Structure formats: structure tokens, C-alpha cells
Amino acid sequence: ILTFAEEAALISYSPIILTGEKNNPIVLTSKEDSKWPGIIILNTTNKSFINNTRLFNTKGIVRPGWITPAGLTIYKSEVEIKNSIFENSSSKSKLM
């Protein structure tokens, strides 16, 4: 379990690999009674993988010069997502 502070985001300019197991998923969440900005993957040259991962309590980023409306933002990057849950997001966008 990775627990993020209210304004702490995971920002990566390199591919990320989050590979949990069916009965032991990777969990990314916020501290109690708060939300965190989530994950941003930017301009990667190789594919990222998110598998058996649970992403909870995201809100996106609203900072000077940065506005991302989703808990998972992917920009000019390829990402493969399997067997993962995104829950309790207060963002304006949804994964489809």
C-alpha cells in the first residue's frame, strides 16, 4: 500500500510498471479523509503497465500552470491497464 499526502502526486516522465497479484494488488490511496492528485504519465517512449492495481481517492491536480481533471492522466504515452480498479475519484473525467 502506497499512501499519498493530500497534495502529493506521482508524476513520471518514464514508463511506470505497477504489477500486483490477483490476491495481493498494489494499492495507491490517500491519507485518511482526504484525496490526492493521482498519477500523471508524460511523454514516455516505452509502454507503461498497470495490472492488478487499485487507485483510490483521487481528485486530479489544480496548481498554477497545472490542471489535470483526472486521477490518472496519460499524455503522449502508451499505457496498458488490466485487472485494475479506479474508485472514489472526484475528478471530472472517467476512464472509458
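In this predicted model, Asn51 stands opposite Lys82 in strand 11. The two strands concerned, strand 6 (residues 48-51) and strand 11, run parallel and are joined by four bridges.

Both belong to an open sheet of three strands, ordered 3-6-11 and paired in parallel fashion. Strand 3 (17-19) and strand 11 (79-82) form the edges, each pairing on one side only. From one strand to the next, the twist averages 15°. The strands of this sheet are listed below.

| Strand | Residues |
|---|---|
| strand 3 | 17-19 |
| strand 6 | 48-51 |
| strand 11 | 79-82 |

The structure also holds one aromatic pair. Its members, Phe4 and Trp36, are stacked, with 4.0 Å centre to centre and 5° between the planes. Phe4 lies in strand 1 (residues 2-4), while Trp36 lies in the loop between strand 4 (26-30) and strand 5 (38-42); the pair therefore ties together parts that are 32 residues apart in sequence. Both Phe4 and Trp36 are buried.

These two aromatic residues are also members of the largest nonpolar core, which comprises 11 residues in all. Among the other members are Ile16, Leu18, Leu28, Ile39, Ile41 and Ile50, together with Leu55, Leu72 and Val79.

Leu55 illustrates the contacts made by one core residue. Leaving aside residues up to four places away in sequence, Leu55 touches Leu28, Trp36, Ile39 and Leu72, and also Gly71, Ile85, Phe86 and Glu87. Leu28, Trp36, Ile39 and Leu72 are likewise listed in the largest nonpolar core.

Notes: Residues are numbered from 1 along each chain as its sequence is written. This is a predicted model: local features need pLDDT of at least 70, side-chain atom pairs count only at pLDDT 80 or more; totals for chains, interfaces and linings use all residues. Side-chain values use heavy atoms; hydrogens and water are left out. Rings of Phe, Tyr and Trp (its six-membered ring) pair if their centres lie within 6.5 Å; planes under 30 degrees apart count as stacked, over 60 as edge-to-face and the rest as tilted. Buried means under 20% relative accessible area, exposed over 50%, partly exposed in between (1.4 Å probe, protein chains only). Two strands pair if DSSP finds at least two bridges between them. Axes are lines fitted to C-alpha atoms, for helices over the stretch in contact, and angles run from 0 to 180 degrees between N-to-C directions. A nonpolar core is a set of buried Ala, Val, Leu, Ile, Met, Phe, Trp, Tyr and Cys residues joined through side-chain atoms within 4.5 Å. Contact means heavy atoms within 4.5 Å.
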